[in-house]
Amino acid sequence: MAWSASQYVKFEDERTRPARDLLAQVPLQSIRRAVDLGCGPGNSTELIIERYGAEGVSGLDSDLNMLEAARKRLPGTAFVEADLGSWQPTETADLLFANAVFQWLPDHLDIFDRLMDGLSPGGVLAVQMPDNLGEPTHLLMEESAHVGPWKAAFEGKSVRRKGLPAPSAYYSRLIAKASRVDIWHTIYNHPMADAADIVEWVKGTGLMPYLAQAGEQHREAFLADYLGRVARAYPKMSDGRVLLRFPRIFMVAVKG
């Protein structure tokens with residue numbers, strides 16, 4: 001699945017806010033080495049550099065388009081192509097930071113276990129993931145998938161992202177190698193111009209596999225059907241805008 005940096009940064013302020021909130025809870029005064037896992041276009045990497053300085057900070061992503069955008073944004077920072085499913089730091093890090101990436105990897109509990117081994121004592125694994133599969137945005141993707149001339153493409157072929165484990169599962173796995181684990185949820189309520197803006201938001205993330213499965217020949221019709229459903233599910237507020245409810249889960253584990 002190819003990502004689009006330009007589509008992603010259409011809502012950069014809203015997408016960066018969770019990364020900023022996560023970083024604020026990292027209990028490190030300084031770092032020797034930090035890696036932004038799934039760095040995307042570099043917006044979260046930039047936050048790490050603003051707090052700790054550029055020395056020792058790098059980013060990685062599996063998508064070349066995102067890496068190109070990150071390198072343009074932060075030309076003095078090392079960005080490498082890597083698969084988070086198998087990547088392991090070659091030397092211990094003080095901070096492994098992941099903003100909205102691990103929800104795409106169903107086995108991320110096992111990955112977290114491995115990443116904890118890549119931290120120095122007192123180092124931090126900091127993770128944020130969308131926890132929004134129960135929101136209308138994602139439920140309506142499923143509705144649109146099973147109507148219209150594209151529905152045959154979805155029969156017996158679910159593209160729905162797997163739901164996240166319970167917070168207790170994260171805690172139990174992380175605390176085995178941590179001296180402290182903090183887990184919390186935050187629900188953001190983003191004012192959006194209209195329903196079309198909500199569709200533009202998810203076109204850069206959760207809607208991508210649905211559009212790919214429907215096929216290019218059905219793309220515009222699928223989007224039109226989905227937009228109609230979103231418009232009905234997100235009524236206009238007093239100022240004409242609509243409110244996008246967006247739950248996210250956060251966790252900060254300090255290596256024991």
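Reader: Which residues in α3 are buried?
Author: This is a predicted model, so everything here is read off computed coordinates. To count as buried, a residue needs under 20% relative accessible area. In α3 the ones that pass are N43, S44, T45, L47, I48, I49 and Y52.

Reader: Okay, so is helix α3 largely enclosed or largely open?
Author: Helix α3 runs over residues 43-52. Seven of its 10 residues are buried, so the rest of the structure leaves this helix largely enclosed.

Reader: What comes right after α3, and what is the sign of its phi?
Author: Step just past the end of α3 and you land on G53. Its phi sits near 90 degrees, and the sign is positive.

Reader: Which residue has a positive phi although it is not a glycine?
Author: Look in the loop between β4 (93-99) and α5 (108-117). The residue there has a phi of about 60 degrees. With 22% relative accessibility it counts as partly exposed, because buried would need under 20% and exposed over 50%. The name you want is A100.

Reader: Is S58 buried or exposed?
Author: S58 is part of strand β2, residues 57-61. Leave out residues up to four places away in sequence, and S58 still touches A34, V35, D36, T45, T77 and A78. Its relative accessibility is 17%, so the verdict is buried.

Reader: And S179, is that one buried or exposed?
Author: S179 belongs to strand β6, residues 178-192. Setting aside neighbours within four places in sequence, S179 is in contact with V254, K255 and G256. The relative accessibility of S179 is 53%, so S179 counts as exposed.

Reader: How many Å apart in space are S179 and N65?
Author: Along the sequence, 114 residues separate S179 and N65. In space, going from C-alpha to C-alpha, the gap is 37 Å.

Reader: How much space lies in the largest cavity?
Author: A search of the whole structure turns up one cavity of 30 Å³ or more. The space in the largest cavity comes to about 60 Å³.

Reader: Which elements give two or more residues to the lining of the largest cavity?
Author: Start with the lining itself: W104, L133, H138, M141, V159, R160, R161, G206, P209 and Y210. By class, that makes six nonpolar, two polar and two charged residues. The elements giving two or more of the lining residues are α6 (136-145) and α9 (208-214).

Reader: Why does the radius of gyration of the protein chain agree with a compact globule, and what is it?
Author: The C-alpha trace spans about 55 × 35 × 35 Å along its principal axes. For 256 residues, a compact globule would have a radius of gyration near 18 Å. The chain agrees with that because its own value is 19 Å.

Reader: What percentage of the contacts between residues at least 6 apart join residues at least 24 apart?
Author: The chain holds 10 helices and seven strands, and buried residues make up 52% of its 256 residues. Now take the contacts between residues at least 6 apart in sequence; the share joining residues at least 24 apart is 78%.

Reader: Which residues does UniProt list for "domain: Methyltransferase"?
Author: The label comes from an unreviewed UniProt entry. In the model, the span is 34% helix and 27% strand, and its end C-alpha atoms lie 12 Å apart. The record gives it as residues 35-123.

Conventions. Residues numbered from 1 in each chain as written. Predicted model: local features only at pLDDT ≥ 70, side-chain atom pairs only at ≥ 80, totals over all residues. Heavy atoms only, no water. UniProt positions renumbered as here; feature names shortened; annotations may be inferred. Helix = DSSP H or I, 4+ residues; strand = E, 2+ residues; numbered from the N terminus. 1 Å grid on protein atoms, 1.4 Å probe; cavity = no way out; pocket = protein on both sides within 12 Å on 5 of 7 lines; lining within 4 Å. Points joined across faces, edges and corners; volume = space filled by probe spheres on them. Nonpolar A, V, L, I, M, F, W, Y, C, P; charged D, E, K, R; others polar. Rg over C-alpha atoms; globule rule 2.2 N^0.38 Å. Buried < 20%, exposed > 50% of the residue type's maximum accessible area, 1.4 Å probe, protein only. Contact = heavy atoms within 4.5 Å.
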